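Please open the model in your viewer and keep the sequence panel beside it. The tour below goes from the whole chain to single residues, and each stop tells you what to select next.

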Amino acid sequence: AKLPAVDGSQLTGVGGGKVLQVLQSKTTGTVSTTQTSFQTTGLSVSITPSAITSNILLRVQGGGIQMSANQDLYVTIYRGSTNLGEGNQNCLSYYHCDSQPLYTAHSIEFLDTVISTTSATTYTVYYRNSNSGTNYFSNNNAPVYLTAMEIGA
């Protein structure tokens with residue numbers, strides 16, 4: 001017996017979970033800091049949700065972290081002036097370097113479920129050091145991307 005082709009057109013009562021829009025930005029050049037308080041990376045995207053029930057899926061991906069020995073790097077995303085980070089370091093990602101230099105890529109995914117607005121909303125990636133050494137969020141060799149996707153409820 002042969003199964004009929006299925007394309008989803010016969011589905012009913014299925015809602016939500018649809019990607020409504022996708023926006024992306026990327027770093028250009030080298031981004032580094034010696035600061036121990038959160039600093040902007042300059043990586044941001046502004047998205048205008050089409051409904052107050054929408055969620056925004058955020059991804060930070062790409063190469064670029066470069067750290068010296070005995071350093072910590074904390075990365076988070078702000079919605080406007082609100083830090084979306086969690087835990088006692090208020091971050092979404094944490095990197096530690098012991099005795100050898102560290103070179104690695106970013107991989108952060110966060111679903112913002114409490115936006116409740118149809119106004120333009122800006123998401124910006126921030127980072128900070130654990131001490132006064134120099135850490136690189138990105139370098140000229142590999143850009144880092146911030147992607148924002150509106151997900152329908």
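What follows is a walk through a predicted model, beginning with the overall view and then moving to individual selections.

**The whole chain**

Begin with a cartoon of the entire protein, where you will find 11 strands and zero helices, so that from the N terminus on the elements read β-β-β-β-β-β-β-β-β-β-β. Turn the C-alpha trace along its principal axes, and its extent comes to about 65 × 45 × 30 Å. The radius of gyration is 19 Å, whereas a compact globule of 153 residues would be near 15 Å. If you display contacts between residues at least 6 apart in sequence, 82% of them join residues at least 24 apart.

Next, switch to a surface representation, whose accessible area is about 8,400 Å², with 48% belonging to carbon and sulfur atoms. Of the 153 residues, 40% are buried. Colouring by charge brings up 6 positive and 7 negative side chains, and the centres of these two sets lie 9 Å apart.

**Strand E5 and Tyr74**

Select residues 71-79, which form strand E5, and pick out Tyr74 within this strand. Is Tyr74 buried or exposed? Its relative accessibility is 7%, and because the limit for a buried residue is under 20%, Tyr74 counts as buried. Now show what surrounds this side chain: leaving out residues up to four places away in sequence, Tyr74 touches Phe38, Gln89, Cys91, Ser93, Tyr94, Tyr126, Tyr127, Arg128, Asn129 and Ser130. For a distance to draw from here, take Glu86, which is 12 residues from Tyr74 in sequence and 11 Å from it in space, C-alpha to C-alpha.

**The cysteines**

One of the contacts of Tyr74 is Cys91, so that residue, buried at 13% relative accessibility, is a convenient next selection. Which cysteine sulfur is closest to that of Cys91? It belongs to Cys97, but at 17 Å the two sulfurs are too far apart for a bond, because a disulfide requires a pair of cysteine sulfur atoms within 2.5 Å. By this rule the count of disulfides is zero. Seen from the other end, Cys97 is likewise in no disulfide, with the sulfur of Cys91 as the nearest one, 17 Å away. Cys97 itself is buried, having a relative accessible area of 2%.

**The loop at Ser68**

From Cys97, move to Ser68, since these residues are in contact; Ser68 sits in the loop between strand E4 (55-67) and E5. Apart from its neighbours within four places in sequence, Ser68 also contacts Thr134 and Asn135. With a relative accessible area of 39%, Ser68 is partly exposed. Draw a line from its C-alpha atom to that of Ser81, and the separation is 30 Å, although the two residues are 13 apart along the chain.

**Strand E10 and Ser138**

For the final stop, select residues 135-138, strand E10, in which Ser138 lies. How accessible is Ser138? Its relative accessibility is 0%, and Ser138 therefore counts as buried. Display its surroundings, again without residues up to four places away in sequence, and the residues touching Ser138 are Thr27, Gly29, Thr30, Val31, Gly64 and Val144.

Conventions
Residues numbered from 1 in each chain as written. Predicted model: local features only at pLDDT ≥ 70, side-chain atom pairs only at ≥ 80, totals over all residues. Heavy atoms only, no water. Buried < 20%, exposed > 50% of the residue type's maximum accessible area, 1.4 Å probe, protein only. Helix = DSSP H or I, 4+ residues; strand = E, 2+ residues; numbered from the N terminus. Contact = heavy atoms within 4.5 Å. Rg over C-alpha atoms; globule rule 2.2 N^0.38 Å. Areas by Shrake-Rupley, 256 points an atom, 1.4 Å probe, with all protein chains shown as cover. Lys, Arg positive; Asp, Glu negative; His and termini not counted. Charge placed at Lys NZ, Arg CZ, Asp CG, Glu CD.
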